[in-house]
Every structure is written in C-alpha cells, then in structure tokens.
Amino acid sequence: MQLKDPTLFRQAALIGGEWHEARGEGIAVTDPATGGVIGHVPKLGAAETRAAIAAAEVAQKGWAARTAKERGAILRRWYELMMANQDDLGRILTLEQGKPLAEAKGEIAYGASFIEWFAEEGRRVYGDIVPGHQPDKRILVMKQPIGVVAAITPWNFPNAMITRKAGPALASGCAMVLKPAAQTPFSAIALAVLAERAGLPKGLFSVVTGSAREIGAEMTANPVVRKLTFTGSTEVGAELYRQSAPTIKKLGLELGGNAPFIVFDDADLDAAVEGAIIAKFRNNGQTCVCANRLYVQEGVYEAFAEKLAGAVAKLKTGNGFQEGVTLGPLIDAAALAKVEEHVADATGKGARVVEGGKRHALGGTFFEATVIADVTAEMAMAREETFGPVAPLFRFRDEADVIRQANDTEFGLASYFYAKDLARVFRVAEALEYGMVGVNTGLISTAEAPFGGMKSSGLGREGSRYGIEEFTEIKYVCLGGI
Ligand code: ADP
C-alpha cells in the first residue's frame, strides 16, 4: 500500500500515552478482498486495559479543568489533520475493511465531521438557573463531564464509529479508552497517531487491541469507567449491559437494526430506486441502517422491481482499490455464509431471484448484488439483518398493512419511506416505531442529527446536541440563605 505518510500505518496499541509495538506477533489483520495478511496488532488484555483506564483517570482531571474552547481548539486540529490525510486514512480503511476507496474517503470526511461538530458544540453544554421553591433559595443545574469512558466499536465504519463517540466524549471533558474491532484496528490506530499530533494530552485517548472478552470484561467491571459506549450486535450489547450492572454504568448502545424501506404508490419511483440503492447497497449492505426489508405497494410492485433490478445490475463488485468498483467484499466468511443462507431460505420458501443471487465469480467473500421478489414474513430476511448486498421485496396493500408489517420486529433503528401525500407523510412518520425516519431519502446520517434506536436497537443518541449530553452528568446545586 502506498501512503503519502507511512507513519500513519502503525502496528501498535496506545496505552496511557505509551506505544506497544506488535513486532510481527499478536493478532493478524487481513485484507478481506484478498485474504492476505496486512499487519499485526498486539494481543493485549485486562492488565493493559486497567493501565489505560488508570491513565485516563489522571488525564481526565486536567482535561476537564481546561476551558471548552481550549479543548475545542485541539479537537479542531485533529479534524484538520484527518482531512489533510484523508487519502491515506481512506487507503488504510479500504485495505482492512474492503469498501471502495471513494466510499472509504467519504467515511473519513463523515468521521472527521463529528470531531469538527463536537469541537464547536463543547462550548454549548449549557446549564439552567431555575426559579427557586423558597424565597431565599436558588436552583442551579450544571452539566459536568461523566469522567472516564470506555468505547467498543465495530468493523463496518472503522473511522466514523470511533469519532462519533470520541468527539463528544473529549469535547465535554471526558477521557476515552477504546477497543476497536479486531478486523479493522489500523484505522483506529491512525486516528490515535493524529490525535497525538494534534496535541491531545497523554493518556486521554488510549487504543487497546486484543481479546474482546478480556478487554470488555475489564471495561465493564472497572468502577473508574463511568460510561460504556458500544456499537455492534444486540447480542453483545445485551451482554455488556449485564456486565455493567454491578457498577451501574451509564450506557450508550447502538445495536442492530432491521430497517423497513417503504414505497407507496404515490412515490416518485425513480427517486425511490435511487434511495434504495443508497440505503441498501452502501458499504455492501453492511450498515446497521441499511434497508433490510423493502415494502412496495401492490400497484407499483412490478414496476419498482424492474427499475431496481436495472439499477442493481449497473453496480460493480470488486476490489475496493479498483477504479469504478461500487461494492467490495463482505467482511469475512461468516458474513458470506449468512447472506447465502438468507437467500437459500427465501428461495426455498417461494421467493424469486430477479437479479444476482449467488456468490460472485471473483470468489473469496464477494457476493453478487441481488434483488429478490415475493419475499414474505415467514422468511429469515424478514426477522434478521442480512448485512449484505441483497434487496428483498415484500408486497403490501395499504398504509395500515405496511405499518403493522414494518413495526413487527424487535428492532427500531432506521426506517425509510417514499410518498408524496403530505398527510400520509406525517401519519407514517409518526406511526413508525423507529429512532430515525428518512422520508424521500435513503441517506440520513449526519453530525447535526441525533442517531440512535428504539427497542432492541439501543439506548441513547449519537451526534447532534443530544449526543454530547450523553457524556455529561447533571448536577443540581441548591443555593440557600440568599
Ligand atoms: P458485529 O456483528 O458488528 O461484528 P459484534 O457485536 O460482534 O458486532 O462486535 C462489535 C464489537 O464488539 C467488536 O469490537 C468486537 O470485538 C466486540 N465484542 C464482541 N464480543 C465482545 C465481548 N464479549 N465483550 C466485549 N466486546 C466484544
């Protein structure tokens, strides 16, 4: 891999401001497009996690004592360094994650935008002065940083899932100990290199690589950690929730989704197809807000299926470094097996493949961009996230029917619908039991908006002004004797 700045690719973990080099041992990281080993990161555990937490505790006190403006200036430098190195960071990301280079660079800009947003937002963590309940008393409400934060992040957005947590945590005056996904640690490490360069004090941001179980156990059991923020599966999220119970930690959980994408018969079909391509096939279908179930009203069902299949046929699968490629490989063999099982389950129960439908001729973990029609509630795709490039089309009669089907899931993260009738837009937006609703758009994530889910999709919100409050404690001061 050619980098303009090779020092950004570092095979080391950062514990309390000290680098721990892998020296060719530890955990091997592979390129999902080729299966080749790209490097190693140290296999660390409970002891190093504890050391990182102890260093964070010390560093956090001094950091919180600075003004929000000073903290913001350092974060702003971090943002600028990310943008100045967008190309290299994108390359590292494509190498370990597989997404096309243009999309990887897009993620760097998106990830950096959270650091930029929160560098500014840190100065607006306002409190309140509330009218007192007695003549000689005044009520003050202040918001203070929660303290040491532990973060565990997934492989599908190796950059942005970190910055969306680190931005608000650091801006509000917290310290962070991060465990990145084992598949994609190099993007996290490059971020730490740039954080150091931006002048972030030692110990404030550690990156611990190694055993998920051991690191997670220490992060959840250690009483110094006051908040755990996690993005990943509902299953692991529930386990971390349980492990955090004895120390009553605050939790931020961004978990699985099962997003419905609804096309009403008054929708602009071309716009709906464009939105579906973005919502379904971005990151090769491997995002928690990816459309997982496409509901199309009877009257436009065949027309939509045909248009969508036409657009999907134009997508190009391949190595993310190759020019013109729009879909990369799946992250690993287990992901490929799940996609294959979902397709087999659907076709076995009567669904019809309109486009794609099998492993790609490229081999490895590549799967064809796929459209499947006549999918029903009895099929696995209706209940579980496929997390791959498969668009299943369900049929519906009317509004009440589709609302019932769309809400018939334990998940409640993102949802999308296309319609023109204004009254219907309001009715449907209000009826969907989801934390996020995209109306006539397939792209909803941005630093300015609150991202998060209802039901088994999680707790709390990331991004926006709500995102920084998640990293603060409210303190009430009662001033008497006035
Ligand atoms: P995904 O399905 O997106 O891979 P996971 O929930 O399996 O999501 O993993 C998300 C993150 O959680 C990864 O960093 C992974 O290493 C970590 N993780 C998995 N199991 C545990 C665990 N038992 N304790 C702590 N972290 C874990």
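Guide: A helix axis here is a line fitted to C-alpha atoms over the stretch in contact, and angles between N-to-C directions run from 0 to 180 degrees. The model is predicted.

Visitor: Is helix 9 oblique or parallel to helix 10?
Guide: Helix 9 spans residues 269–281 and helix 10 spans residues 301–313. Their axes come within 10 Å and cross at roughly 50°. Roughly parallel needs an angle under 35 degrees, and roughly perpendicular needs 65 to 115. The crossing of helix 9 with helix 10 is therefore oblique.

Visitor: In which hand does helix 9 pass helix 10?
Guide: Take the residues in contact first: Leu269, Ala272, Val273, Ala276 and Ile277 in helix 9 meet Ala303, Phe304, Lys307, Leu308 and Ala311 in helix 10. As helix 9 passes helix 10, the crossing is right-handed.

Visitor: How many nonpolar residues are in the contact of helix 9 with helix 10?
Guide: One residue of this contact is charged and no residue is polar. Lys307 of helix 10 takes part in the contact, and Lys counts as charged. The nonpolar count for helix 9 with helix 10 is nine.

Visitor: Are helix 2 and helix 4 roughly parallel or antiparallel to each other?
Guide: Helix 2 covers residues 68–84 and helix 4 covers residues 101–121. Their axes lie 8 Å apart, at an angle of about 165°. Angles over 145 degrees count as roughly antiparallel. Helix 2 and helix 4 are therefore roughly antiparallel.

Visitor: How many charged residues does the contact of helix 2 with helix 4 have?
Guide: Helix 2 brings Gly72, Leu75, Arg76, Trp78, Tyr79, Met82 and Met83, while helix 4 brings Ile108, Ala112, Ile115, Glu116, Phe118, Ala119 and Glu120. By class, 10 are nonpolar and one is polar. The charged residues in this contact number three.

Visitor: Which residues of helix 5 make the contact with helix 2?
Guide: Helix 5, residues 160–172, packs on helix 2 at about 150°, with the axes 8 Å apart. The pair is therefore roughly antiparallel. Helix 2 offers Arg71, Gly72 and Leu75. From helix 5 come Gly167, Leu170 and Ala171.

Visitor: Which helix gives the most to the shell around the ligand?
Guide: The ligand is surrounded by 14 residues, with Ala212, Gly216, Gly232, Ser233 and Val236 the closest. Two helices each supply at least two residues of the shell: helix 8 (234–244) and helix 7 (212–221). With three residues, the most comes from helix 7.

Visitor: How many residues of the shell around the ligand are nonpolar?
Guide: Four residues of this shell are polar and three are charged. The nonpolar residues around the ligand number seven.

Visitor: How far apart are the end C-alpha atoms over residues 19–477?
Guide: UniProt, in an unreviewed entry, lists residues 19–477 as "domain: Aldehyde dehydrogenase". Over residues 19–477 the chain is 41% helix and 21% strand. The end C-alpha atoms are separated by 42 Å.

Terms used:
Residues are numbered from 1 along each chain as its sequence is written. This is a predicted model: local features need pLDDT of at least 70, side-chain atom pairs count only at pLDDT 80 or more; totals for chains, interfaces and linings use all residues. Helices (H or I, at least four residues) and strands (E, at least two) are DSSP runs, numbered from the N terminus. Two residues are in contact if their C-beta atoms, placed from the backbone, lie within 7 Å. UniProt positions are given in the numbering used here, feature names are shortened, and annotations may be inferred rather than shown by experiment. A residue is near a molecule or strand if its C-beta atom, placed from the backbone, lies within 6 Å of it. A crossing is left-handed if the near helix is turned anticlockwise from the far one by less than a right angle, and right-handed if clockwise.
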